[in-house]
Amino acid sequence: MLTLAIIKPDAVAARASGKILAHLEQAGFTVRAARLVRLTTRRAEEFYAVHRERPFFRSLVTFMTSGPALALALEREDAVAVLRDVIGATDPAEAKPGTIRKLYAQSKERNAIHASDSPENALQEVRFFFPDAELAQLRSGQ
Ligand code: CMP
């Protein structure tokens, strides 16, 4: 099963991408696709469309477009639930010790990493960053 993670602009700027990738691999995830992206305002708005009415929406879009981010398609058994566990709570102050956000996040917004929250969203979010052709190749192992 695949899920999507994004190492966010705060973590990329802090040069924590390597440590976060190592953490994910240690947790049993295989990297199936990776892409360093600079999101445009329109793409960030589209990705976070479910949060459009939230008070933090504009600020979130500004942050997510502020620098490069690393999008990852990750594979593992029970990938969605396990990844959410491994990254920890949205607010690093509430994240359990040893989770990625506890280790690398600065605040609720600048929280180092995104993970899909359901299998349906995971499929959609993986497609958002990795076109079908690329994923088909990845599935057939070519
Ligand atoms: P993410 O997992 O990418 O999904 C939505 C993002 O919105 C979340 O991580 C945070 O970066 C951000 N977010 C969620 N709640 C808040 C909040 N109360 N204040 C600021 N940012 C938030």
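Valine 12 counts as buried because its relative accessible area is 19%, and buried means under 20% (partly exposed is from there up to 50%, exposed is over 50%; 1.4 Å probe, protein chains only). This is a predicted model, in which local features need pLDDT of at least 70 and side-chain atom pairs pLDDT 80 or more, while totals for chains, interfaces and linings use all residues. Residues are numbered from 1 along each chain as its sequence is written, and side-chain values use heavy atoms, without hydrogens and water.

**Positions along the chain**

Valine 12 belongs to helix 1, which covers residues 9-13. Helices (H or I, at least four residues) and strands (E, at least two) are DSSP runs numbered from the N terminus. Proline 55 sits in a loop, with helix 3 (41-47) on one side and helix 4 (57-64) on the other. This proline is exposed, because its relative accessibility is 82%. Valine 80, by contrast, is part of helix 5 and is buried at 5% relative accessibility. The loop that links helix 5 to helix 6 holds proline 92. Proline 92 is buried too, because its relative accessibility is 9%.

How far apart in space are valine 12 and arginine 43, C-alpha to C-alpha? The table gives the value for this pair, together with a pair for each of the other residues just described.

| Pair | Apart in sequence | C-alpha to C-alpha |
|---|---|---|
| Valine 12 and arginine 43 | 31 residues | 19 Å |
| Proline 55 and alanine 16 | 39 residues | 28 Å |
| Valine 80 and leucine 24 | 56 residues | 13 Å |
| Proline 92 and lysine 102 | 10 residues | 5.0 Å |

**Two positive phi angles**

Most residues other than glycine have a negative phi. Aspartate 78 has a positive phi, near 55 degrees, and is not a glycine. Its place is the loop that runs between strand 3 (69-75) and helix 5 (79-87). With a relative accessible area of 47%, aspartate 78 is partly exposed.

Alanine 112 also has a positive phi, of about 70 degrees, although it is not a glycine. Alanine 112 is found in the loop between helix 6 (100-104) and strand 4 (113-115). Is alanine 112 buried or exposed? It is buried, because its relative accessible area is 0%.

**Asparagine 111**

The loop between helix 6 and strand 4 also contains asparagine 111. This asparagine is buried, because its relative accessibility is 2%. Its side chain makes a polar contact of 2.7 Å with the side chain of lysine 8. A polar contact is a pair of N or O atoms within 3.5 Å; within protein, one atom must be able to donate a hydrogen and the other to accept it, and neighbours in sequence count only if both atoms are side-chain atoms. A polar atom of the asparagine 111 side chain is also 3.4 Å from the backbone oxygen of lysine 108. The side chain of asparagine 111 is thus involved in a pair with lysine 8 and in a pair with lysine 108.

**The ligand**

Which residues are around the ligand? They are Lys8, Tyr48, His51, Phe56, Leu60, Thr90, Arg101, Lys108, Glu109, Asn111 and His114. To count as near, a residue needs a heavy atom within 4 Å of the molecule. Asn111 and Lys8, already met through their polar contact, are both among the residues around the ligand.

Oxygen atoms of the ligand take part in several polar pairs. Lysine 108 has a polar backbone atom 3.3 Å from a ligand oxygen. For glutamate 109, a polar backbone atom is 3.1 Å from an oxygen atom of the ligand. Histidine 114 takes part through its side chain, where a polar atom lies 2.9 Å from a ligand oxygen. The ligand taken alone exposes 450 Å², and the protein buries 81% of that. Accessible areas come from the Shrake-Rupley method with a 1.4 Å probe, and for residues only the protein chains shown count as cover.
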